[in-house]
Amino acid sequence: MPMPEDTVWHLPRHARSAGRARTLLREQTAAWKLGDEATETAVLLLSELVTNAYRHGRVSPGREIRVRCTLDDDRLRVLVTDANGTLPAPRTASPDDESGRGLALVAALADDWGATPRAEGIGKTVWFVLCLTAQP
């Protein structure tokens, strides 16, 4: 059985980090030879999670956002860690709301997702999994 592929990025808690995370993930999925559909879904979901970490982190700007991507067999797992310990919960956005749909997108498009407090320190990790093979 091959070892999982794994990469980690540390991004500043800044609005531009979502764009940087999208670029890094596109480069990584190209190196892993993932298909366009899986790549675009993963990039969209990562962008939502990094944006949430930036917007809702409510911690000092010096804190980083950590992104870890793991490719193991037929599963891509993406984890976004920030220094705020408040676990996110999906909410229902009205048609006029300009935000509030990120976690609903993650729930709809990911094969699995969740949020957990960091065991080794302050903060939380929000993650999603995409299965890369067709489900029966």
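In which loop is the place of D73? In this predicted model, D73 belongs to the loop between β2 and β3, and the description below works outward from the overall layout of the chain to that turn and to the elements around it.

The chain contains three helices and five strands, which follow one another from the N terminus in the order β-α-α-β-β-α-β-β. Of its 136 residues, 38% count as buried. Among the contacts in the chain with a separation of 6 or more, 63% are accounted for by residues that stand 24 or more positions apart.

The strands form an open sheet of five, arranged in the order β1-β2-β3-β5-β4 and paired in the antiparallel sense. Because β1 and β4 (112-117) stand at the edges and have a single partner strand each, one side of each is left without a neighbour in the sheet. From one strand to the next, the twist averages 15 degrees. In general, the strands of a sheet pair through backbone hydrogen bonds, and the pairing may be either parallel or antiparallel.

Taken along the order of the sheet, the pairing begins with β1 and β2, which are antiparallel over eight bridges, and here D6 is found opposite T70 of β2. The next pair, β2 with β3, is likewise described as antiparallel, with seven bridges, and L71 faces L76 of β3 as its opposite residue. These two strands make a hairpin with two residues between them, in which D73 adopts a positive phi near 55 degrees; D73 is a residue other than glycine. Between β3 and β5 there are eight bridges, again in the antiparallel sense, and D82 has K124 of β5 as its bridge partner. At the far end of the order, β4 is joined to β5 by six bridges, the two strands running antiparallel, with W113 placed opposite F128 of β5. The strands β4 and β5 also form a hairpin, this one with six residues between them, and G123 in its turn has a positive phi of about 105 degrees.

The strand β5 is largely enclosed by the rest of the structure, since seven of its eight residues are buried. As regards side chains with aromatic rings, the charged end of R77 sits over the ring of W127, at 4.3 Å from the centre of that ring. A pair of aromatic rings is described in general by the distance of the centres and the angle of the planes. When centres within 6.5 Å are required, the count of aromatic pairs comes to zero.

Helix α2, which covers residues 36-56, has 21 residues and reaches 30 Å from its first C-alpha to its last, close to the 30 Å expected at 1.5 Å a residue. This helix lies across β1, β2, β3 and β5, and runs at about 170 degrees to β5. Its buried residues are A38, T39, T41, A42, V43, L45, L46, S47, L49, V50, T51 and A53. The elements that cover these buried residues include the strands β1 (5-12), β2 (64-72), β3 (75-82) and β5 (124-131), together with the helices α1 (17-31) and α3 (102-109).

One of the residues in contact with α2 is S17, which is found in helix α1. Apart from neighbours within four places in sequence, S17 is in contact with L11, P12 and V50, the last of which is among the buried residues of α2. With a relative accessible area of 2%, S17 is itself buried, as the limit for that class is under 20%. The separation of S17 from E64 is 47 residues in sequence, whereas in space the C-alpha atoms of these two residues are 9.9 Å apart.

A contrasting environment is that of K33, which is located in the loop between α1 and α2. K33 is exposed, with a relative accessible area of 72%, and has a positive phi of about 60 degrees although it is not a glycine. A positive phi is thus recorded in the loop between α1 and α2 at K33, and in the loop between β2 and β3 at D73.

Definitions and conventions:
Residues are numbered from 1 along each chain as its sequence is written. This is a predicted model: local features need pLDDT of at least 70, side-chain atom pairs count only at pLDDT 80 or more; totals for chains, interfaces and linings use all residues. Side-chain values use heavy atoms; hydrogens and water are left out. Helices (H or I, at least four residues) and strands (E, at least two) are DSSP runs, numbered from the N terminus. The expected span of a helix is 1.5 Å times one less than its number of residues. Buried means under 20% relative accessible area, exposed over 50%, partly exposed in between (1.4 Å probe, protein chains only). Contact means heavy atoms within 4.5 Å. Two strands pair if DSSP finds at least two bridges between them. Axes are lines fitted to C-alpha atoms, for helices over the stretch in contact, and angles run from 0 to 180 degrees between N-to-C directions. Rings of Phe, Tyr and Trp (its six-membered ring) pair if their centres lie within 6.5 Å; planes under 30 degrees apart count as stacked, over 60 as edge-to-face and the rest as tilted. A charge sits over a ring if NZ of Lys or CZ of Arg is within 6 Å of the ring centre and within 35 degrees of the ring normal.
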